[in-house]
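Could you walk me through this structure in my viewer, telling me what to select next and what is there? I am new to it, so please go one stop at a time.

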Amino acid sequence: MRRIVIVGAGIIGATLAARLAGAGADVTLVDARRPGTATSATSLAWLNANQKLPRHYHDYSVRAMHEWRELMDGFGRPDWYVPTGGLSWAESDSDRRRLAERLDRLRDWGYPAVELTPRQAVELEPALRVPGTALVASFPAEGYVHGRPAVDAFVTRARAAGARVVVTGGDVLVEAGAGGVSAVRLPDGGRLDADVYVSCAGWRTGRLLEPLGVVVPIVPGDAPGSSAPCVVTRVAGPGTHSPVGRLVHPPGLSLRPALGGGLQLEAGDLNDLVDVHTTQEDLDRHGETLLRRAERVIPGLAARPIENVRCFRPLPVDGHPLTGWLPTLPNTYLIVSHSGMTLAPLLARHAATEILDGTDHDELAAYRLTRFATSELGPSPTATSPTPIAGTAGRSRPAPSRSS
Ligand SMILES: Cc1cc2nc3c(=O)[nH]c(=O)nc-3n(C[C@H](O)[C@H](O)[C@H](O)COP(=O)(O)OP(=O)(O)OC[C@H]3O[C@@H](n4cnc5c(N)ncnc54)[C@H](O)[C@@H]3O)c2cc1C
């Protein structure tokens, strides 16, 4: 039986562990912290293909939305999977023009996208105030998941299929020898040996692999001014119900029901103000701004902030997933993706086929490390051995879209 060690128990590692263990592999899932408590816990987790370009990425995201739907039948339609659709509206001329273009494109591509009158939108979501002049779009095939219970459910499924879950309390290191990775070293000095190692370390993938000379082309979350960090706010009360039932994107805000009631809020322009040095005081100030924006679209919202947290997106520098075997570490497979909540179950199914059967999955062809030009190859600044696999970590590249 193939022994597989997966580093990282977010949505990517958890869905992969469930797939691999379900297929009969000997799986160990290792994480520094409790599964599902890093990026996957704070994600907006909008399951969508709404602003995914180019067409192959849109299509892959649509297939991932189907994958969720099919998988959830097998989970008995759990309450952490909420396929209630998405609603967006635009008010300024430029925003209306962009939303109209998006509606046209998505309809051309066969994606469920419907223009609503403001009155129809309020019939769907009675708590909302939608200006009479707004252009409103409904995306009925979309939804969201609550990340933490979703990860828990996949970890439970992996365990039921025989996987071991190791929570170390500190970062693991990866050791390499002549044939690739030789072990995962635990903080207590213990080691995990395997035939195959999989990196599902999210935004900290570079930190895990760079000591081996591997340069992963993702935006470094801890660089000053990095586009990876975000601020996410949870507000609650009164009562345990959320005032809305779906994902809503009014101008300058994204909101959806939060786990346990209330709302989860974020906004791109405020995310742009956050980096690794942002203080909690500033995060709280951004949280207040998000709450004011929510009050503007939900009149009478009597909510109070529960938490304002910084979190980090795993952002490959061109915005698209990175999947596949590492050329310089042939027993090691990498998955890191933005939009990981949408894509995880499909990426996991395709990656599991590649890991277990040794085949190349056509659908992953666009998401290989090899799409980065050879001229960009260069050793990591912290490399101990020069075994680069891809371009420098994106500091000279345009920032990828933050759209989820
Ligand atoms: C604010 C925000 C909004 C988002 N909105 C959406 C959205 O609407 N739709 C969507 O599809 N996606 C969205 N995303 C992106 C999505 O959440 C991520 O792509 C996804 O959660 C990544 O999952 P992951 O398993 O790769 O990472 P994580 O959940 O971060 O898991 C990685 C795990 O690896 C562990 N780890 C890392 N290094 C080590 C080490 N050395 N030793 C031990 N353990 C280690 C970490 O502890 C962590 O538990 C959003 C992200 C953010 C931050």
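Start by selecting strands 10, 11 and 12 in this predicted model. They form an open sheet in the order 10-11-12, and the pairing is antiparallel. Strand 10 (173-177) and strand 12 (191-192) each have a single partner strand and stand at the edges, so one side of each has no neighbour in the sheet. Now zoom in on strand 10 and strand 11 (residues 180-185): five bridges join this antiparallel pair. One to pick out is the bridge between G177 and G180, the latter in strand 11.

Next, show the second largest cavity, which holds about 50 Å³ of space. Select V7, V174, V181, V184, Y197, V198, S199, L208, L209 and T332 to see its lining. Strand 11 appears again here, as one of the elements that give two or more residues, along with strand 13 (196-199) and helix 7 (205-209). Strand 13 has the largest share, with three residues. Colour the lining by class and you will find eight nonpolar residues, two polar ones and no charged ones.

Now move to the largest cavity, with a volume of about 70 Å³. Its lining is made up of L47, M65, R69, Y81, V82, P83, A141, E142, G143 and Y144. Helix 3 (55-74), strand 4 (81-82) and strand 8 (143-145) each give two or more of these residues. By class, seven are nonpolar, one is polar and two are charged. Try colouring domain 1 (1-81 + 142-221 + 314-404) and domain 2 (82-141 + 223-312) separately: both give residues to this lining, so the largest cavity lies between them.

Keep those colours on for the second largest pocket, which also has lining residues from both domain 1 and domain 2 and therefore lies between them. Its volume is about 760 Å³. Of the 26 residues that line this pocket, select Q51, R102, H249, G252 and S254, which lie nearest its centre. Strand 5 (86-90), helix 4 (93-108) and helix 8 (268-271) each give two or more residues to the lining, and helix 4 gives the most, with five. The classes here are nine nonpolar, nine polar and eight charged residues.

Finish at the ligand. Which residues are closest to the ligand? Select D31, S40, S337, G340 and T342, the closest of the 36 that surround it. Then check three distances:

- A backbone N or O atom of T39 is 3.2 Å from a ligand oxygen atom.
- A polar backbone atom of V172 lies 2.9 Å from a ligand nitrogen atom.
- A side-chain N or O atom of R204 is 3.4 Å from a ligand nitrogen atom.

Technical notes
Residues are numbered from 1 along each chain as its sequence is written. This is a predicted model: local features need pLDDT of at least 70, side-chain atom pairs count only at pLDDT 80 or more; totals for chains, interfaces and linings use all residues. Side-chain values use heavy atoms; hydrogens and water are left out. On a 1 Å grid over the protein atoms alone, a cavity is a set of points where a 1.4 Å probe fits but cannot get out, and a pocket is an open set with protein on both sides within 12 Å along at least five of seven lines; lining residues have an atom within 4 Å of a point. Grid points are joined across faces, edges and corners, and a volume is the space filled by probe spheres set on the points. Helices (H or I, at least four residues) and strands (E, at least two) are DSSP runs, numbered from the N terminus. Ala, Val, Leu, Ile, Met, Phe, Trp, Tyr, Cys and Pro count as nonpolar, Asp, Glu, Lys and Arg as charged, and the others, Gly among them, as polar. Domain bounds come from an automatic or database domain assignment. Two strands pair if DSSP finds at least two bridges between them. A residue is near a molecule or strand if one of its heavy atoms lies within 4 Å of it. A polar contact is a pair of N or O atoms within 3.5 Å; within protein, one must be able to donate a hydrogen and the other to accept it, and residues adjacent in sequence count only if both atoms are side-chain atoms.
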